[in-house]
Amino acid sequence: MAGEPQDDCLFCKIVAGTIPATIVRETDTTVAFRDINPQAPTHILVIPKAHYKNAAVLGAEAPHLAADVLAETQAVADEEKLESYRTVFNTGSGAGQTVWHAHAHVLGGRGMQWPPG
C-alpha cells in the first residue's frame with residue numbers, strides 16, 4: 001500500500017536505519033543521503049520517508065510530501081553551497097529508475113549538458 005514501508009525496498013530500509021547511508025539532512029518527512037554511485041561531484045538523493053513507487057504516484061497521492069521533497073532539494077543545495085544544480089526524478093525503468101521508491105537526485109558541482117543522456 002502506498003505510504004507504507006515495503007520490506008523489499010532499499011530506501012525504506014535506509015529510512016528505518018537497517019541499511020547504512022551517509023545522511024546529510026533529515027526532516028520529519030524526508031531523508032537526504034549521498035548516492036553510492038555519484039554522477040557528479042555532488043550527488044544526493046532526497047526521499048520521502050513514506051513509500052511511494054515513483055514521483056508520479058507521490059505527486060498524485062501525497063502532494064504535500066512531494067512539496068517537502070522539492071523544498072529539501074533546495075536545502076541540500078544550500079548546505080552543499082551549490083550555486084546551480086539539477087534536480088532529477090526518474091519515473092519508470094525506461095527513464096532509469098532502479099529503486100521503486102520516489103526520490104529526487106540533486107546533482108551539482110560540474111557543468112550539466114542539455115539534453116541529458
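## Working through a predicted fold

Buried residues make up 38% of the 117 residues of this protein. The model is a predicted one, so please keep that in mind as you work through the exercises below.

### Exercise 1: the overall fold

Task: Work out how many helices and strands the protein has, and in what pattern they follow along the sequence.

Solution.
- Step 1. Start by counting elements: there are 3 helices and 5 strands.
- Step 2. Now read along the sequence, and the pattern comes out as α-β-β-β-α-α-β-β.
- Step 3. Next, check compactness. The radius of gyration is 13 Å, close to the 13 Å that the globule rule gives for 117 residues, so the protein is as compact as a globular protein of that length.
- Step 4. For the outline, the C-alpha trace spans about 40 × 30 × 25 Å along its principal axes.
- Step 5. Turn to the contacts with a separation of 6 or more: residues 24 or more positions apart account for 54% of them.
- Step 6. Finish with the surface. About 6,600 Å² is exposed, and carbon and sulfur atoms supply 52% of that area.

### Exercise 2: the largest pocket

Task: Find which residues are closest to the centre of the largest pocket, and which elements supply its lining.

Solution.
- Step 1. The largest pocket holds about 720 Å³ of space.
- Step 2. Its lining has 31 residues, and Asp35, Gln39, His43, Asn90 and His105 are the closest to the centre.
- Step 3. Look for elements that supply at least two lining residues each: these are helix H1 (10-16) and strands E2 (30-34), E3 (42-48), E4 (85-88) and E5 (104-108).
- Step 4. Among the contributors, H1 gives the most, with 3 residues.
- Step 5. Sort the lining by chemistry, and you get 15 nonpolar, 12 polar and 4 charged residues.

### Exercise 3: two residues in strands

Task: Decide whether threonine 42 and glycine 108 are buried or exposed, and list what each one touches.

Solution.
- Step 1. Place them: threonine 42 is in strand E3, and glycine 108 lies in strand E5.
- Step 2. Apply the cut-off, where buried means under 20% relative accessible area. Threonine 42 has 8%, so it is buried. Glycine 108 has 0%, so it counts as buried too.
- Step 3. Leave out residues up to four places away in sequence. Threonine 42 then touches Glu80, Leu82, Val106, Leu107 and Gly108.
- Step 4. With that sequence limit again, glycine 108 touches Ala40, Pro41, Thr42, Leu82, Ser84 and Tyr85.
- Step 5. For a longer link in sequence, take glycine 108 and isoleucine 44: they are 64 residues apart along the chain, with their C-alpha atoms 9.1 Å apart in space.

### Exercise 4: loops and backbone geometry

Task: Say where aspartate 28 and lysine 81 sit, and whether they are buried or exposed. Then find which peptide bond to proline 115 is cis.

Solution.
- Step 1. Aspartate 28 is in the loop between strand E1 (23-26) and E2. Its relative accessible area is 76%, and exposed means over 50%, so aspartate 28 is exposed.
- Step 2. The C-alpha atoms of aspartate 28 and lysine 49 are 8.1 Å apart, while the two residues are 21 apart in sequence.
- Step 3. Lysine 81 is found in the loop between helix H3 (63-79) and E4, and at 72% relative accessibility it counts as exposed.
- Step 4. Check the backbone of lysine 81: its phi is positive, about 60 degrees, although it is not a glycine.
- Step 5. Lastly, go to the segment after E5, where proline 115 has its place. The peptide bond from tryptophan 114 to proline 115 is cis, with omega near 0 degrees.

Technical notes
Residues numbered from 1 in each chain as written. Predicted model: local features only at pLDDT ≥ 70, side-chain atom pairs only at ≥ 80, totals over all residues. Heavy atoms only, no water. 1 Å grid on protein atoms, 1.4 Å probe; cavity = no way out; pocket = protein on both sides within 12 Å on 5 of 7 lines; lining within 4 Å. Points joined across faces, edges and corners; volume = space filled by probe spheres on them. Helix = DSSP H or I, 4+ residues; strand = E, 2+ residues; numbered from the N terminus. Nonpolar A, V, L, I, M, F, W, Y, C, P; charged D, E, K, R; others polar. Rg over C-alpha atoms; globule rule 2.2 N^0.38 Å. Buried < 20%, exposed > 50% of the residue type's maximum accessible area, 1.4 Å probe, protein only. Contact = heavy atoms within 4.5 Å. Areas by Shrake-Rupley, 256 points an atom, 1.4 Å probe, with all protein chains shown as cover.
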